[in-house]
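Reader: I would like a close look at one chain of this model: how it meets its partner chain, how its own domains meet, and one residue inside it. Please keep it plain and define the terms as you go.

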Amino acid sequence: MEQVVQQIIGGLATGAIYACIALSIVMIYQAIDHLNFAQGEMAMFSTYIAWQLMQWGMPYWGAFFITIAISFVLGYVIERAVFKPVHNAPVLSHIVIFIALFAIINSMAGFIWEFTIKPFPTPFGTKSVLGEGLLSAHGAGMIAVTGIMLGFLYLFFRYTRVGLAMRAASANPDSARLVGIRVGFMNALGWGMAAAIGAVAGIMIAPVVFLEPNMMVTILLYGFAGAVVGGLTSPGGAVFGGFAVGVIENLASFVPHFGAEMKLSIALALIILVLTLKPNGLFGRKIVNRV
Amino acid sequence: MQIKKYGIIPALALGFAVAMAGSASAQTPGVTDKEIKIGNINPYSGPASAYGTIGKSIAAYFKMVNAEGGINGRMVNFISYDDSYSPPKALEQTRKLVESDNVLLMFQPLGTPGNTAIQGYLNGKKVPQLFVATGATKWGDPKKFPWTMGWQPNYQSEGRIYADYILKNYPNAKIGILFQNDDYGKDYVKGLKDGLGAKAKTMIVSEQPYEVADPTVDSQIIALKASGADVFFNASTPKFAAQSIKKMAEIGWKPAHFLNQVSNSVGGVLKPAGFDNAEGIFSTGYLKDQNDPQWKNDAGMKKWFAFMDKYYPDGDKTSSFNVYGYTVAQNLHKVLLAAGKNLTREGVMKAAASMKDLELDLLLPGIKINTSATDFYPIEQNQMMRFKGGNWEFFGPIISGEVRGS
Amino acid sequence: MKTTSPITTIIAAIGATVITLAQNWKVAGFIFILIIGAIFPLWASGVFTFQISQLLIYAIAIAGLNLLTGFNGQFSLGHSAFYAIGAYVSAVMMTQWDIPFYLTIPIAAAVCFVFGFLFGLPALRLEGIYLALATFALAIATPQILKFKPVEHLTGGVQGLALFHLKPEAPFGLPFDQDQWTFYVTFAVTILMFFIAFSLVNSRSGRAMKAIRDNQIAAKVTGIDLSLFKTLTFGVSALFTGVAGALSAMLIAFVAPDSFQITLAVAIFVGMVVGGVGWIPGAFLGGLFILFVPNIAEHIAFGLAAFFDLIRKVIPFFPSIGEQSAKGLTGTVYGVFLILLIYIMPSGLAGLLRLAVQRLARARG
């Protein structure tokens, strides 16, 4: 029993990682109505920028905020330079561009910073705050940061003009255009914000998994799972989904005989099951398509 | 400058042009009076691209050889293709190297799956598959595969070394194991279990596998601590090894820690994980570590640093892969010198199978390479070591492994 | 260089006569393809024959995905799973039960059809992104399941199964080497599969599939059984990809979990989009792309070092990249290639061709 509790808390700590990235996935989904397969690589690249800034002697929080700003600009530029010219292309072509971006960013990071893992500092420390090292200070800090981001996003999308305009631009571009919203600009803004949130996620995750070019590849997948389970239209749901995936994955290792070996498969099967029962995720709104 | 450069247009035409060309000469393929062609496949793209630097450091090594006059007057043309760690691509690229580029031999193909995919083909064609870059046990079987030879100490024999040590020094140990759920991790576990013999069942209290796709091994470490293990055998790759060392310190688990040599790089694992956290870890080695201060004035190490500065300046000097690449390339260099002026594929295999007490720049002092017509395992020696105060301290004798593939 | 053998001349002569006899251009085209296929391995080198066999295999897999996505509007990022199942069914039957390779193809096809059909059931409830994620999950889980302990004795676990000694030889003492014979088998299966694909999309069922793609609710109103057609299409799509997998087991003569990673699913997907969604012959162009473009990207990346040095002669402060490190840019070059391709032809090669045909028609009319 004690071990189960331990694994649940351990799962929550890993879940915080997934929740962080799931949040940025939902963010970009709100803004562009797409899942961005290069999201994880963008976050990884941002984290390297932060690392490089600190390497050049910048203090942690300075590097933190400058990286967020740089990432915002990079996200904005990627949308303008890469997606704007093909915004009329079919969705499947967009996905191919995501795949291309993935390949480019991943190989550029390896080319610039090599593949040797790099330690990444944490502002929260690594002391245990719960039980015998079950939840580290960094884990708690990561959960707190995710919560704060979630709060800000909620307020932003609910109550600011830009936030509402962004939602309108992605949910119904044609109508949005009719009421005078600059849809293209809103999309680019959404990319910028998603990149910035991704940067925060990367900076929070790197101290746990170590910084290297492939660090986000599988985390992104779990993040997708979390976002989809929670519902792609609900930032809160995505955070919940992220934590849920972390816990489910850890508990799967208790399945007798093959749990430890197959925990990824079990987690994935559960996700498919959730989707079959609740196709829009646990907290997602149903999207009605007109004929 | 003998490393082959391709432009864009020749590359486009390559597929068709090479299709038309047959073998150029009746002599040994890949050997002319002026040139030796050596083929290699490495993952330069895709998820395993971290290994790509091995291929790059080998290319740099032969650039140095050529700058110093080549091998018996011949320049080395090292042609390396990307296989993205995919077995089908490995076979395609190997066939291109053998049939279109007409290489003399395949050198250091990387990874167990890729090598298995090309082994049948190369042995069928009687092309040497020399010094494969994998520590699996199955690469030294000259009866079945006379054209395939391993190089590094194999994982199973290393696992046995730890087992012997544990039996002698921790006879009542409760052992916890972390291993990567693939051929590499399982080989280590097998070696350890074989070494423990009948006691394996009672001594091993927990085995925790992880997948390469797992983001962290935190939950495995928590489970291992909970199992009450006081000896920890860690068969994980660098990133996961560093994670586990850090996590252990975080949760205050302090068993006797045996770390596989795949992950004992000072610069690549122990420093990122924190020297304090890594204090006291056991491992084995056969190569000198470039970030270990004790080799600062070592002649071989000085040569390596000079080599990196001159021929691979943008290479990563903390990466143990670059030490590995240099050393294995130097070994091939010696084999080609030994094979003499009259190079043939048979001659190269013969030279590779008759290395006697060969010592290389970056092998630990006392470790010697020996092969024979029946012994296709070049490096079989290891030395136990313990991490203290930022460097590895060696202890005990040079240990020879006896595990051979079946 | 292999000299032109008498067989080549004879086949060519027969072919030429048949073409002149054939009035119908479709028959002529088909015969032309047959002749090319028959002659090709006689003059091409072994490795080129091998590559073209691989290309055909990819084309079958891409056509399978295209039936699902291009003709039925369902989405999959997990077709590597069916490719793997096809390859493993064939390999396991050959190694464990000594079943001849040719027999394993229809069995692999049937098994994959069943798997695809079953996976199509939960897929019924999922759309767009959700289906993408579910199939993606399938692709991730497959290599793990292949090395799962209870099936290890069959699948060979992480070590996989080597089939080199089981590669089929040309029967009846036909004078073909293994590469040539492998090609002929692949070629024959390819023709069969594409014949099936063409017939299917032009049949009543094909029209039903397309109706579902274009408008589900409208299709339902006209009396099409949505669930049945969607799950059947999933099964057929998996069948095609499974046949490709079985052929690849013979061509590569080795199966292992590492051969069927998510990258394969992504490659099949990219091949479909590049070739053209909803256009069957595009599968060949897609196959061409995923087979050769990574190789070309690698050569270009290697050439970049020299290119940068050249620029540095003019602009001295231009960055230099080391010759060794340039290889690491392979992924970048590949990605740029892909983006440029989508720029030039947003709907793949099919879209480009359609556009060209339209322009031509307009110019004439």
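How many salt bridges does the rule find across the interface of chain C and chain A?

Author: The rule finds zero salt bridges across the interface of chain C and chain A, a salt bridge being a side-chain nitrogen of Lys or Arg within 4 Å of a carboxyl oxygen of Asp or Glu. This is a predicted model, in which local features need pLDDT of at least 70 and side-chain atom pairs count only at pLDDT 80 or more, while totals for chains, interfaces and linings use all residues. Residues are numbered from 1 along each chain as its sequence is written, chains are lettered from A and ligands numbered from 1 in the order written, and side-chain values use heavy atoms, without hydrogens or water.

The rest of the contact between chain C and chain A can be put together as follows. Chain C brings 44 residues to the contact and chain A brings 42 residues, where contact means heavy atoms within 4.5 Å. About 3800 Å² is buried between the two chains, and carbon and sulfur atoms give 79% of that area. On the chain C side, C:I129, C:Y130 and C:L133 lose the most area to chain A, together 18% of what that side buries. (Buried area is the accessible area, with a 1.4 Å probe, that two parts lose on being put together, summed over both.)

Polar contacts do occur here: the rule finds three residue pairs in polar contact between chain C and chain A, with both residues at pLDDT 80 or more. Four helices of chain C, namely α5 (101-123), α6 (128-146), α12 (262-275) and α14 (330-344), each supply at least two residues of the side that touches chain A. Of these, α6(C) gives the largest share of that side, ten residues. Sorted by class, the side of chain C that touches chain A has 32 nonpolar, nine polar and three charged residues. A polar contact is a pair of N or O atoms within 3.5 Å; within protein, one must be able to donate a hydrogen and the other to accept it, and residues adjacent in sequence count only if both are side-chain atoms. Helices are DSSP runs of H or I with at least four residues, and strands are E runs of at least two, numbered from the N terminus. Ala, Val, Leu, Ile, Met, Phe, Trp, Tyr, Cys and Pro count as nonpolar, Asp, Glu, Lys and Arg as charged, and the others, Gly among them, as polar.

Next come the domains within chain C. Chain C is divided into domain 1 (44-261) and domain 2 (281-365), with bounds from an automatic or database domain assignment. The centres of these two domains of chain C, taken over C-alpha atoms, are separated by 28 Å. Twelve residues of domain 1 of chain C are in contact with ten residues of domain 2 of chain C. Between them these domains of chain C bury about 880 Å², 89% of it on carbon and sulfur atoms. The count of salt bridges between domain 1 and domain 2 of chain C is zero. For residue pairs in polar contact, both at pLDDT 80 or more, the count between these domains of chain C is also zero. On the domain 1 side of chain C, α3 (46-72) and α8 (178-201) each supply at least two residues of the side that touches domain 2. The largest share of that side, nine residues, comes from α3(C). The residues of domain 1 of chain C that touch domain 2 divide into nine nonpolar, three polar and no charged.

The single residue to look at is C:S76. Its place is in the loop between α3 and α4 (79-97) of chain C. With a relative accessible area of 1%, C:S76 is buried; buried means under 20% relative accessible area, exposed over 50%, and partly exposed in between, with a 1.4 Å probe and protein chains only. The side chain of C:S76 reaches the backbone nitrogen of C:G78 at 3.0 Å. The side chain of C:S76 also makes a polar contact with the side chain of C:H79, at 2.9 Å. Leaving aside neighbours within four places in sequence, C:S76 is in contact with C:L65, C:L68, C:T69, C:T135 and C:F269.
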